[in-house]
Amino acid sequence: MVARETVQPGELLFTVPRAALLSQHTCSISELLERERGALQSQSGWVPLLLALLHELQAPASPWSPYFALWPELGHLKHPMFWPEEERRRLLQGTGVPEAVEKDLANIRSEYYSIVLPFMEAHPHLFSPRVRSLELYHQLVALVMAYSFQEPLEEEDDEKEPNPPLMVPAADILNHLPDHNANLEYSPNYLRMVATKPIPKGHEIFNTYGQMANWQLIHMYGFVEPYPDNTDDTADIQMVTVREAALQGTKAEAERLLLLERWDYLCKLEMVGEEGAFVIGWEKVLTEEELTTTLKVEGPK
């Protein structure tokens, strides 16, 4: 999307009425999804929206049919989860993405066969056979990962569960830049895309997907920002990598056991974890306390 005329900061670019949003609360099976909410709980929290998409995709009179026509071809999504495994491991080794994708694929398969398919089979009049497909579900998960929005909680609601994802027509057309020139604002009746800086005529309008390192962008969206454009990029060192390096430096079994004991102690302090990473930004270590404490406890004496 490009500016047809020069745009000034604060200028309204477009609005999206809440009635046009596609979510578990606005779809034509919203009442059913609400009644079955307990049975649709999952690790991702996306199942109700995905079922809404599966239903509306094949509903002959869905009000979102024109919106679906603007989607990218589902068979040509660029996420690493669609790459051959060998290529994914060769090109993304050391980023943590291959491991994250393996977990994604396992969760998608489990979620589909344990929750989604039984639900569709229990309501065959709402889901035609053509949408009862693991391949299609896989593609829709990637689409939600890349194109959905999550309305932020109000400050006083910080203790609540995050809002579920939703699809925002028009807003999801905009590409991402760390140095973006537009931002989506939420209000009771509308969502508003507003310019955050001057946009010259003919220049592209960019939203932001958040502060994303390149490994997060390739994992969730299928692209990266070229160096040095991504000022939010980081180098992530898996915490278990530091542990394994420390273990390699031990010379006796007693020394090894002591080091593992220290690691368990750090885990109890919630300084480290099997899934965690030390994050190094452009100008500073973003997990400085965790890294410093770990090196003091796990490092050589």
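This report covers the domains, the two largest pockets and the cysteines of a predicted model.

## Domains

The chain falls into three parts: domain 1 (2-17 + 168-221), domain 2 (22-149) and domain 3 (234-296). Domain 1 is thus written as two stretches of sequence, 2-17 and 168-221.

Between the centres of domain 1 and domain 2, taken over C-alpha atoms, there are 25 Å. The two domains touch: 12 residues of domain 1 are in contact with 13 residues of domain 2.

## The largest pocket

The largest pocket has a volume of about 1100 Å³. Because domain 1 (2-17 + 168-221) and domain 2 (22-149) both contribute residues to its lining, this pocket lies between them.

In total, 45 residues line the largest pocket, and those nearest its centre are Val144, Ser148, Phe149, Gln150 and Pro165. Three elements, α6 (134-147), β2 (175-176) and β3 (182-186), give at least two residues each to this lining. The largest share comes from α6, with four residues. Sorted by class, the lining of the largest pocket consists of 24 nonpolar, 16 polar and five charged residues.

## The second largest pocket

The second largest pocket has a volume of about 820 Å³. Its lining is made up of 26 residues, and Ala100, Lys103, Asp104, Trp215 and His219 are the closest to its centre. Two or more residues of the lining come from each of α5 (97-122), α6, α7 (214-220) and β6 (235-238).

Here α5 provides the largest share, seven residues. The lining of the second largest pocket has 10 nonpolar, nine polar and seven charged residues. The helix α6 appears in the lists of contributing elements for both pockets: for the largest pocket beside β2 and β3, and for the second largest beside α5, α7 and β6.

## Cysteines

A disulfide is a covalent bond between the sulfur atoms of two cysteines. The structure holds zero disulfides.

Two cysteines can be described by their accessibility. Cysteine 27 has 4% relative accessibility and therefore counts as buried, the cut-off for buried being under 20%. Cysteine 267 has 27% relative accessibility, so this residue counts as partly exposed.

Technical notes:
Residues are numbered from 1 along each chain as its sequence is written. This is a predicted model: local features need pLDDT of at least 70, side-chain atom pairs count only at pLDDT 80 or more; totals for chains, interfaces and linings use all residues. Side-chain values use heavy atoms; hydrogens and water are left out. On a 1 Å grid over the protein atoms alone, a cavity is a set of points where a 1.4 Å probe fits but cannot get out, and a pocket is an open set with protein on both sides within 12 Å along at least five of seven lines; lining residues have an atom within 4 Å of a point. Grid points are joined across faces, edges and corners, and a volume is the space filled by probe spheres set on the points. Ala, Val, Leu, Ile, Met, Phe, Trp, Tyr, Cys and Pro count as nonpolar, Asp, Glu, Lys and Arg as charged, and the others, Gly among them, as polar. Domain bounds come from an automatic or database domain assignment. A disulfide is a pair of cysteine sulfur atoms within 2.5 Å. Buried means under 20% relative accessible area, exposed over 50%, partly exposed in between (1.4 Å probe, protein chains only). Contact means heavy atoms within 4.5 Å.
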